[in-house]
Amino acid sequence: MVIGGGVLLWFVDGTAGGVGWGLFGLLCGLLVGLAALQVGMLVGAVALGVRVHRVVIGVGSRLADWTTPRRVVSVRAVPLLLSVAVGPGKAPARKRMWGAALCSALVGLAVVAVAIVFALSSRNGFWIGAALGCAYTVGTGLLPRRTAASTSTGWYLLRLPKVTGVRARQLDAAPLVGRAVDAAQEGHLEVAAALAAELAETHPGLRTATAARILVMEAEGRYAEALMLAMALAGDAEQTPQEAAVSFAALAGLACATVEAGHLDAELGLGTAVQAFENAETLGYPAHKLNGSRALHELLLGNTGKAISLARLAADSGDDRLGRADDLATLARAHMAAGDNRAARAALGEAERLVPWWPRVAATRSRLDLV
């Protein structure tokens, strides 16, 4: 994109200065186009009752965050990007999500139109580059594309209305699934368990319902039962490669947690985790999102130094409330294994500010209080 844009800018403005400003405008346009799509998605989601799981402003180290059981808003050191994660909320979930995507597309196209108007009226290298960059980002964002890490606006617009069968049932079950997840996130485990039982009865084979049941079991410390469900989920022959990547990533972490809890033979459990790591990455799961599970795996192998570095990376880069607390519990345990109880208490204090009742956090506190 940069090379092609530079060549086009050279034909439009044959001066080195004009091309330089044009390339700078191209970079700005890329970022603005991406931000426009995300802002549009956020506005549409809030207006239409779509669940907003996460809003991340910027990249790099965390400056501040506002974490609640239902939503995370995080501000990073370099405010260049905006990232919004949404999911099914109120019924009818599919129509609401499609409407949010339409809002995203309209805002993105409006920003492209403004950039083009400025480029045509000024014939300035910067605005020509900005228009090119913005059009490229919005255009690619409107292509239907779904990976293990993200879903494009175009996918919601063009593919979501055509979803049928099991995936349509997942959207229909989303309100009940969301209630179970919210209850688990808030620590209302009796309510979460009742909702999980209702999901098992009404949607026994639905993967989103099963994923919610796994979360509830993990919140209750029932790792072996959760692992069995996770293995069944990972072995689903009808799931897409993107869904399989997520399933194997969850399986890897659960296998390690089950070994740590003493509910599974170490050789079997860690072997399962290694295979799950490999499968998840092969299917496109982002490697950096596996750092927390890999940290626990290294800790169980006795590699405390590597466990500390991976757990710290995971806790600093992650935005999920329960996931960060779990990674910080791993970090605390790794510091304990290294003989640094002061650092362990600091890490555990961070975890307890997030979710003090999470089983691995509470168990780590019990162990740390004994030394």
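This is a short tour of a predicted model, with a few selections to make in your viewer at each stop.

**Stop 1: Phe118**

Start by selecting residues 93-122, which form helix H3, and pick out Phe118 within that helix. Is Phe118 buried or exposed, or does it fall in between? Its relative accessibility is 39%, so Phe118 counts as partly exposed. Now show what surrounds the side chain: once neighbours within four places in sequence are set aside, Phe118 is in contact with Arg123 and Trp127. If you would like a distance to draw, join the C-alpha atoms of Phe118 and Leu30; they are separated by 16 Å, with the two positions 88 residues apart along the chain.

**Stop 2: a nonpolar surface patch**

Next, select Leu34, Val59, Val78, Leu80 and Leu81 together and turn on the surface. These residues make a nonpolar patch of about 340 Å². Which element gives the most to the patch? Colour residues 72-87 to see the answer: this is strand S2, which contributes 3 residues. Val78 is a good one to click on, since its place is in strand S2. With a relative accessibility of 38%, Val78 counts as partly exposed.

**Stop 3: helix H12**

Move along to residues 291-301, helix H12, where the picture is one of cover: 8 of the 11 residues are buried. To highlight the buried set, select Asn291, Gly292, Ser293, Ala295, Leu296, His297, Glu298 and Leu299. What do these buried residues pack against? Bring up five helices around them, namely H10 (241-260), H11 (266-282), H13 (304-317), H14 (321-337) and H16 (359-369). Before leaving, click on Gly302, which follows H12 and has a positive phi, near 90°.

**Stop 4: Asp319**

Finish in the loop between H13 and H14, where you will find Asp319. Asp319 has a relative accessibility of 12%, and because the cut-off for buried is under 20%, this residue counts as buried. Which side chains make polar contacts with the side chain of Asp319? Display Arg62, whose side chain makes such a contact at 3.4 Å, and then Arg76, where the side-chain contact is at 2.8 Å. To fill in the surroundings, add the rest of the residues that Asp319 touches beyond four places away in sequence: besides Arg62 and Arg76, they are Arg54, Val56, Val72, Ser74 and Arg324. Val72, Ser74 and Arg76 will take you back to Stop 2, as their numbers fall in the range 72-87 of strand S2.

Conventions:
Residues are numbered from 1 along each chain as its sequence is written. This is a predicted model: local features need pLDDT of at least 70, side-chain atom pairs count only at pLDDT 80 or more; totals for chains, interfaces and linings use all residues. Side-chain values use heavy atoms; hydrogens and water are left out. Helices (H or I, at least four residues) and strands (E, at least two) are DSSP runs, numbered from the N terminus. Buried means under 20% relative accessible area, exposed over 50%, partly exposed in between (1.4 Å probe, protein chains only). Contact means heavy atoms within 4.5 Å. Patches are made of residues with over 30% relative accessible area and no salt bridge: like charges are joined within 9 Å, nonpolar side chains (Val, Leu, Ile, Met, Phe, Trp, Tyr) within 5 Å. Accessible areas come from the Shrake-Rupley method with a 1.4 Å probe; for residues, only the protein chains shown count as cover. A salt bridge is a side-chain nitrogen of Lys or Arg within 4 Å of a carboxyl oxygen of Asp or Glu. A polar contact is a pair of N or O atoms within 3.5 Å; within protein, one must be able to donate a hydrogen and the other to accept it, and residues adjacent in sequence count only if both atoms are side-chain atoms.
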